[in-house]
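Thanks for asking me to take a look. Here are a few notes on the pockets, set out point by point so that you can follow along in your viewer.

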There are 2 protein chains.
Amino acid sequence: MVRQKIMNAGLRVTPQRMVILDAIQGMNNHPTADDIYLAIHPANPGISMATVYKTLETYVDSGLLQKVYTREGQMRYDPRIDNHGHIYCTNTGEIIDFYDDELNKIITAFFRKKKVSNIRISNISLQINALKTDPGKSISIK
Amino acid sequence: MVRQKIMNAGLRVTPQRMVILDAIQGMNNHPTADDIYLAIHPANPGISMATVYKTLETYVDSGLLQKVYTREGQMRYDPRIDNHGHIYCTNTGEIIDFYDDELNKIITAFFRKKKVSNIRISNISLQINALKTDPGKSISIK
DNA sequence: GTTGCTGCAAATGTTTTGCAATCAG
DNA sequence: CTGATTGCAAAACATTTGCAGCAAC
């Protein structure tokens, strides 16, 4: 399944690429390159940091992953590639996915009726900055 | 006027702070720390890079500036602190401000009617990824 | 066989830090 | 006067690069 995804993206299938793609798909925390390296290192001590970086960049270029820019400055990677937003918790540092179909439709409709000139919009996402009231519990928007 | 803003933020007024705040307010390109350093350097060769970084960070903490996270990884600073969005031009690398009052109202209304639990939303902004059709010309959304 | 991928170590670029001297209030 | 701010140089950190060897197709 991971192998298929890599092939479909037109990339060569290597053991390193399979391990890395598999790892990031099992995480839902928007890991950094280092997070991924640490996660795979015990079982794959031979895979280098440089390979992790190169592979992630390759995946972003191929559309298998998205990059998420953070307040802290280092890049994070996101296995979800649909048009979803992110909730940045100011106090806990968490980045939580946010998706709402209705809101997506509203925003899409809004831009469709606007006169947009000289650009082709490829994707629109929402960035929500928020304070987590109780850091121990999870949040919800329904 | 710059002096007043610094005082109102509860900060000590120093020549360096005045120069830096004045410089960034005259730019509307979301400058990096380096951009600001280069802009002020000719007239103020004594102001160090470290001071530029410390001062910008102080301003962000005090709410005088916003940080903008970029695809390229380095931080940019934005003198606009209202709830505005950014258009990231994939091909030119530009970051253009986007503000629409109607859209702001739509999004605010949307979240007001939602059940939001365990967070207090402080600010919501839109990130628009787009391709500039003609890199020479400017873009518009009306 | 050819092309692209990997790992290493070194390089790069940005941002932060420790600390003594200086300045604002 | 006192505590905050500055400048310097060094350090820290994330990410990229060059290149020789190796692996995928």
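How do the residues of the lining of the largest pocket divide into nonpolar, polar and charged?

1. Please keep in mind that this is a predicted model. In it, the lining of the largest pocket comprises seven nonpolar, 12 polar and five charged residues.

2. That pocket holds about 600 Å³ of space, and 24 residues line it. If you would like to find its centre, look for Arg71(A) and Asn129(A) from one chain and Gln66(B), Lys67(B) and Tyr69(B) from the other, which lie nearest to it.

3. Both chains supply elements here. Chain A gives two or more residues to the lining through β6 (119–132), while chain B does so through α4 (49–62), β1 (66–69), β3 (85–89) and β6 (119–132). The top contributor is β6(B), with five residues.

4. Now for the second largest pocket, with about 520 Å³ of space. Its lining has 22 residues, and those nearest the centre are Gln66(A), Lys67(A), Tyr69(A), Arg71(B) and Asn129(B).

5. As for the elements that give two or more residues to this second lining, chain A offers α4 (49–62), β1 (66–69), β3 (85–89) and β6, and chain B offers β6. The largest share comes from β6(A), which provides five residues.

6. Sorted by class, the lining of the second largest pocket contains seven nonpolar, 11 polar and four charged residues.

How values were computed. Residues numbered from 1 in each chain as written. Chains lettered and ligands numbered in written order. Predicted model: local features only at pLDDT ≥ 70, side-chain atom pairs only at ≥ 80, totals over all residues. Heavy atoms only, no water. 1 Å grid on protein atoms, 1.4 Å probe; cavity = no way out; pocket = protein on both sides within 12 Å on 5 of 7 lines; lining within 4 Å. Points joined across faces, edges and corners; volume = space filled by probe spheres on them. Helix = DSSP H or I, 4+ residues; strand = E, 2+ residues; numbered from the N terminus. Nonpolar A, V, L, I, M, F, W, Y, C, P; charged D, E, K, R; others polar.
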